[in-house]
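Biologist: Could you take a close look at a single helix, at the side chains that it buries or exposes, and at the sheet behind it? Please give the cut-off for each term as you come to it.

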Amino acid sequence: MAKRLRVLPAGLDCLLVELGDLETAMSLFDCLLAAPLHGVMEMVPAARTVMVRFDPLVTDRTRIVEELARIDLSVHNARKGELYEIPVAYDGEDLDDVAKLLGWTVEEVIRRHTAATFTVAFTGFAPGFAYMTCDDPGFDVPRRNSPRTHVPAGSVAIAGQFGGIYPSDSPGGWQILGRTPVKMWDTARDKPALLAPGDRVQFRNMAEGARAPVFAARKQEARALSPTQGLRVTRCDRPALYQDRGRPGRADQGVAESGALDRHSLAEANLCVGNPRDAAALEIVFGGFSLRTDRPVTLAVTGAPCPLTIHTHDGGMVAAPFAKPFALDAGDELSLGIPPEGARSYLALRGGFVVEPVLGSAATDTLAKVGPALVQTGDVLVPADRPACAVDPCRPQPLPLPRAGEMVTLDIALGPRTDWFTDQGIETLLSQEWLVTAESSRVGMRLSGNETLERRDHAELPSEGTPNGAIQVPHSGQPVLFLADHPVTGGYPVIGVVARHHLDLAGQMPIGARIRFNPIAGFDPQEIEQRNPAR
């Protein structure tokens, strides 16, 4: 029998393949894992879709669509895993609302939730977040109209026909029933994610005596004491972060790419001091940062142009050059003031920093809580003294960055869910200025406009992959522009995706700046008929 696949654009280097159901989506994902398509860099399975990110220098959308049409989706792999009992304290903020939505009592919600068996279909959103189907069809509730900005780790929740447990503190729009003390993600374990596709979960009520199971952690080597020698942070108005180019290729595990929001500035800082362009540097937001060194070092600061002041060990004070290498002597202190434009500055140290990589990267993912700890006042940054090339004081002059109140145009490609919005909604997206609000972070920029985006389709969207730069629209109609630490899956429609060549610019937008979206690629979905090849 023929199967129809719908292929939707999701940016200039990404496709969303829409299938009829979860089983077929998992079959396609298994086929693509077994026989990867040339040029495909990353895949994200979800409820009815598989997101495919490709290298446009190696392949293109037409070639991928042709290859998808030849895949045999008639074979379904049965996945079998472990059975876990998870204790829950049923005191969630949405428990009463869920009971009203379902027409049940709170007691019946708890009874049926603990009687059901949940099976992990796929993972995503964040590391350790498992999307679980339920054998009780009665559990089917919409997401919240507007997602919370903070959902505590361990929150047990439902949305649509899925159940899940938040592995870390994060934003989220699911209905919270309760909380569990069991860690869903723990890098101290041999298998950091507790749950994998095929595993089954039964929830147990802690009020009835259920206790948390103990899962063995990997034996850890003794950690060294906090360093006392190096570059001591003497002021840090907001935590600074180690960032490099991130950890691509792990989205199917719920791990976002993360990395520096302004990759060009990261590379420029490193090249100034002779480091490899992808070496870890400090990402500092809105300045307000100082450090004192106990040895001679060479530094460079790029990105948002902070005023740079050196307080010398003998009591003097001199300005340091921006976007150029400069030296500090033992006892000198460097201070970064407030930048008049942009948001994020990058401080590179010649020879690099001593920082332990996690999953192959020194990037700190603020949503997933993966990577090195936040850098704060009193911390000591230890020079790695790795081999370096010659410093380069002749780097190109940096371009101006956005200021609060200024309007900036960002190129976007429409899709994958543009058809969920009315013509008026699309016109509003493209014609209206959007204000960058204070509720913005490395996860995403919350935008505010005078007119909300009008939807044509008000159905509940099953969770699906979201690329970096996705413009997601919750029920409020006010969009969120996803940045590097975004969840890898989401349940609100994405109306467009910022072009990759403008992601650095988006990462430098300060609070109060204004955005206009410029469409450079229209919404052009394709339907293909996939037939089982002859056997």
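**Helix H4 and its sheet**

Modeller: At 23% relative accessibility, Glu108 counts as partly exposed, a class that lies between buried (under 20% relative accessible area) and exposed (over 50%), computed with a 1.4 Å probe and protein chains only. The model is a predicted one, in which local features need pLDDT of at least 70 and side-chain atom pairs count only at pLDDT 80 or more, while totals for chains, interfaces and linings use all residues. Residues are numbered from 1 along each chain as its sequence is written, and side-chain values use heavy atoms, with hydrogens and water left out.

The side chain of Glu108 meets that of Arg111 in a salt bridge, with an N to O distance of 3.9 Å; the term asks for a side-chain nitrogen of Lys or Arg within 4 Å of a carboxyl oxygen of Asp or Glu. Arg111 is likewise partly exposed, its relative accessible area being 49%. Both Glu108 and Arg111 belong to helix H4, where they are three residues apart, about one turn of the helix. In general, an α-helix has 3.6 residues a turn, so residues three or four places apart point the same way. Helices (H or I, at least four residues) and strands (E, at least two) are DSSP runs, numbered from the N terminus.

Within H4, which spans residues 106-115, the buried residues are Val109, Ile110, His113 and Thr114. These four cover an arc of only 120 degrees around the axis, which puts them on the same side of H4; the arc is that of the directions from the helix axis to the C-beta atoms. Glu107 and Ala115, by contrast, are exposed on the other side of H4.

What do the buried residues of H4 pack against? They pack against H3, E6, E9, E12 and strand E13 (200-205), where contact means heavy atoms within 4.5 Å.

The strands among these partners belong to an open sheet of seven strands with mixed pairing, in the order E5-E13-E6-E7-E10-E9-E12; two strands pair if DSSP finds at least two bridges between them. At the edges stand E5 (83-88) and E12 (175-179), each with a single partner strand, so one side of each is left without a neighbour in the sheet. From one strand to the next the twist averages 35 degrees, with axes fitted as lines to C-alpha atoms, for helices over the stretch in contact, and with angles running from 0 to 180 degrees between N-to-C directions. Inside the sheet, E6 (residues 118-123) pairs with E7 (residues 130-134) in the antiparallel sense over five bridges, and Phe122 has Tyr131 in E7 as its bridge partner. Helix H3 (residues 95-102) also packs on the sheet, where it touches E9 (155-159) and E12, and the direction of H3 makes about 130 degrees with that of E12.

Strand E13, one of the partners of H4, also contributes to a salt bridge, since the side chains of Glu85 and Arg204 meet at 3.7 Å, N to O, and this pair links distant parts of the chain, with Glu85 in strand E5 and Arg204 in strand E13, 119 residues apart. Glu85 is partly exposed at a relative accessible area of 43%, and Arg204 counts as partly exposed at 27% relative accessibility.
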